[in-house]
Amino acid sequence: MRLRQTDTPLLAAMQHYVKEEVIPFHTPGHKQGKGMHVALEKLIGKNALALDLALMEELDDFHEPHGCIKDAQDLTAQLYGADHSFFVINGTTGGIYAMILAVAGPGEKIIVPRNAHRSIIGGIILSGAIPIFIQPEVDNELGLAMGVTPEMVEAAVLEHPDAKGVLVINPTYYGVATDLERIVSLVHRNNMVVLVDEAHGPHLRFSRRLPIQALDAGADICAQSSHKIIGALTQCSLVHCREGRVRVPHLKAMLQLTQSTSPNYIMLASLDVARMQMALEGPQLIEKAIDLANWTRAEINKIPGLYCFGSEKVGEPGVFDLDPTKITVTVKGLGLTGGEAERILRHEYKIQAELSDLYNILFLITLGDGEYEVNALVTALKDMAEKHAKPYDFSLVEKCIKAPYPTAPQGVLSPRDALFGNTCMVDFTQSVGMVCAEIITFYPPGIPLLCPGERITQEIIDYCQLLQQGGMHVSGPEDYTLKTIKVVD
């Protein structure tokens with residue numbers, strides 16, 4: 001029987017199993033909710049608990065699918081234009097681990113942006129690969145890392161022709177997209193694999209007003225967070241790939257290595273249904289979200305003290321295109337930090353942002369939003385601007401951000417060797433020449449100054465102390481005061 005996008009083969013198989021009223025002598029132990037404590041059973045509901053099932057013949061094998069899971073994944077590949085699509089239920093982190101493991105092994109090089117998400121660094125640590133870092137562009141006024149340019153990628157590729165692949169973050173958390181088609185073309189000319197962290201792009205295929213999705217730009221493999229933007233449950237993601245430069249059996253083996261042997265079927269079913277929803281309604285839902293976001297951006301930019309960047313940034317370094325559904329509100333004009341604004345909105349207006357940094361708060365407009373939600377957001381921002389504006393001098397922070405960036409540190413060990421080697425804590429000011437064994441990142445702009453395996457320089461120590469004096473937030477080290485640092489012993 002030929003499958004159609006209106007079908008949900010995995011969910012249908014699960015429902016059929018429940019309707020047969022089988023007496024389960026298999027996991028999970030609550031036995032379709034019969035053993036669940038009433039406090040949780042009332043919350044989740046018997047219908048959902050009945051679908052919390054285990055691997056068995058009619059429900060397919062998650063790691064070697066040949067039945068309903070394979071059918072659901074094949075429909076997903078068809079929708080997104082992939083040769084193969086795979087369900088991931090431990091977040092896009094798990095998908096990125098598998099992508100990196102499938103492309104680069106111990107001692108092999110992989111080119112990655114310096115502002116890589118911790119999952120990328122984690123994948124490199126697991127694989128034992130050697131990262132070749134490229135610096136993204138930075139918008140100093142917004143305090144944000146933007147994209148990497150094709151020129152930066154080309155320089156790294158030419159300098160490291162033995163690299164196995166190039167990993168690109170596209171779009172960024174803040175919706176900024178790079179010229180991915182140009183990057184793919186130049187990387188492929190040098191016979192390398194293009195990997196894309198497309199966590200924030202599972203909706204891109206469904207509107208011409210959005211940046212091009214990775215597969216349509218010619219990328220070989222990408223990971224998407226279906227739970228971030230479209231209708232799957234939290235931790236549900238997808239890995240898509242094209243045959244040719246990626247060995248599909250090896251990728252499957254890496255997915256098996258990084259995922260549970262006991263998948264949650266309700267999560268899997270949510271991926272099946274989210275795909276069906278996008279196939280049937282995706283363009284309408286995403287166009288509506290874009291319209292709502294554009295209205296919201298325009299209204300926010302009418303509020304004194306607030307700024308929400310948009311298409312005017314396109315064409316600036318590292319900004320080739322923009323996803324308008326990401327609403328980044330710069331609040332420094334109110335004399336507030338992003339963290340202060342986030343707390344005010346949450347506790348006074350019952351508005352919860354996606355995240356905040358020193359200058360900004362980020363809001364996501366998705367298929368779950370309507371006019372009520374965006375009106376509430378704009379009303380809250382107006383009221384906050386009227387009631388909470390205060391004098392605050394960001395000049396010291398901006399002076400720090402605009403200070404000359406230190407020379408990129410020398411990588412002397414793989415991150416894996418640095419992390420798993422003998423380590424000790426030393427006085428940060430006395431660590432010149434030692435090899436770092438942790439990540440040191442300051443926000444803004446969220447670009448690591450040191451990664452495991454890199455040699456510490458006096459220039460980097462001085463720069464870190466300058467940023468601390470400017471009140472910027474440090475992330476990554478065990479000692480968040482950065483009085484001490486972990487180094488290879």
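**Surface, helix packing and salt bridges in a predicted model**

Leu40, Leu43 and Ile44 together make a nonpolar surface patch of about 290 Å². The structure described here is a predicted model. Within the patch, Leu43 belongs to helix α2, which covers residues 38-44. The relative accessible area of Leu43 is 67%, so this residue is exposed.

The loop between α1 and α2 contains several residues with particular backbone geometry. Pro28 lies in this loop, where α1 spans residues 9-19. The peptide bond that leads from Thr27 to Pro28 is cis, and its omega is near 0°. Glu21 is found in the loop between α1 and α2 as well. Its phi is near 55°, which is a positive value in a residue other than glycine. Glu21 has a relative accessibility of 69% and counts as exposed. Gln32 lies in the loop between α1 and α2 too, and although Gln32 is not a glycine, it has a positive phi of about 60°. In terms of accessibility, Gln32 counts as buried, at 18%. The cut-offs applied are under 20% relative accessible area for buried and over 50% for exposed, so Gln32 at 18% is assigned to the buried class.

A further cis peptide bond runs from Asn170 to Pro171, with omega near -5°. Pro171 has its place in the loop between β6 and β7. Gly175 also lies in the loop between β6 and β7, the latter strand being residues 176-177. Gly175 is buried, and its relative accessible area is 0%. Between the C-alpha atoms of Gly175 and Thr330 the separation is 15 Å, while the two residues are 155 residues apart along the chain.

The packing of helices was examined for two pairs that share α13. Two packed helices are described by the angle between their axes and the distance between the axes. Helix α12 (residues 338-349) packs against helix α13 (residues 371-388) at an angle of about 110°, and their axes are 11 Å apart. This angle makes α12 roughly perpendicular to α13. The crossing of the pair α12 and α13 is right-handed. In the other pair, helix α11, made of residues 265-300, and α13 pack at an angle of about 15°, with 10 Å between their axes. Helices α11 and α13 are therefore roughly parallel to each other. Their crossing is right-handed.

Over the whole structure, a search finds 19 salt bridges. One of these pairs is formed by Glu108 and Lys164, whose closest N and O atoms are 3.9 Å apart. Glu108 is located in the loop between α5 (91-103) and β2 (109-113), and Lys164 in the loop between α7 (150-159) and β6 (165-169), so this salt bridge ties together parts that are 56 residues apart in sequence. Glu108 is partly exposed, with 29% relative accessible area. Lys164 is likewise partly exposed, at a relative accessible area of 37%.

Another salt bridge joins the side chains of Lys332 and Glu141, with an N to O distance of 3.9 Å. Because Lys332 lies in the loop between β13 (326-330) and α12 and Glu141 in the loop between β4 (138-139) and β5 (144-145), the pair ties together parts that are 191 residues apart in sequence. Lys332 has 17% relative accessibility and counts as buried. Its partner Glu141 is partly exposed, with a relative accessible area of 44%.

The side chains of Lys302 and Glu299 also meet in a salt bridge, at 2.8 Å from N to O. Here Lys302 counts as exposed, at 58% relative accessibility. Glu299, by contrast, is buried, with a relative accessible area of 14%. Salt bridges also link Asp139, Lys313 and Glu316 in a network.

Val435 has its place in the loop between β16 (423-427) and β17 (440-443). At a relative accessibility of 12%, Val435 counts as buried. From C-alpha to C-alpha, Val435 and Ala199 are 31 Å apart in space, and they are 236 residues apart in sequence.

Notes: Residues are numbered from 1 along each chain as its sequence is written. This is a predicted model: local features need pLDDT of at least 70, side-chain atom pairs count only at pLDDT 80 or more; totals for chains, interfaces and linings use all residues. Side-chain values use heavy atoms; hydrogens and water are left out. Patches are made of residues with over 30% relative accessible area and no salt bridge: like charges are joined within 9 Å, nonpolar side chains (Val, Leu, Ile, Met, Phe, Trp, Tyr) within 5 Å. Accessible areas come from the Shrake-Rupley method with a 1.4 Å probe; for residues, only the protein chains shown count as cover. A salt bridge is a side-chain nitrogen of Lys or Arg within 4 Å of a carboxyl oxygen of Asp or Glu. Helices (H or I, at least four residues) and strands (E, at least two) are DSSP runs, numbered from the N terminus. Buried means under 20% relative accessible area, exposed over 50%, partly exposed in between (1.4 Å probe, protein chains only). Axes are lines fitted to C-alpha atoms, for helices over the stretch in contact, and angles run from 0 to 180 degrees between N-to-C directions. Angles under 35 degrees count as roughly parallel, over 145 as roughly antiparallel, 65 to 115 as roughly perpendicular and the rest as oblique. A crossing is left-handed if the near helix is turned anticlockwise from the far one by less than a right angle, and right-handed if clockwise.
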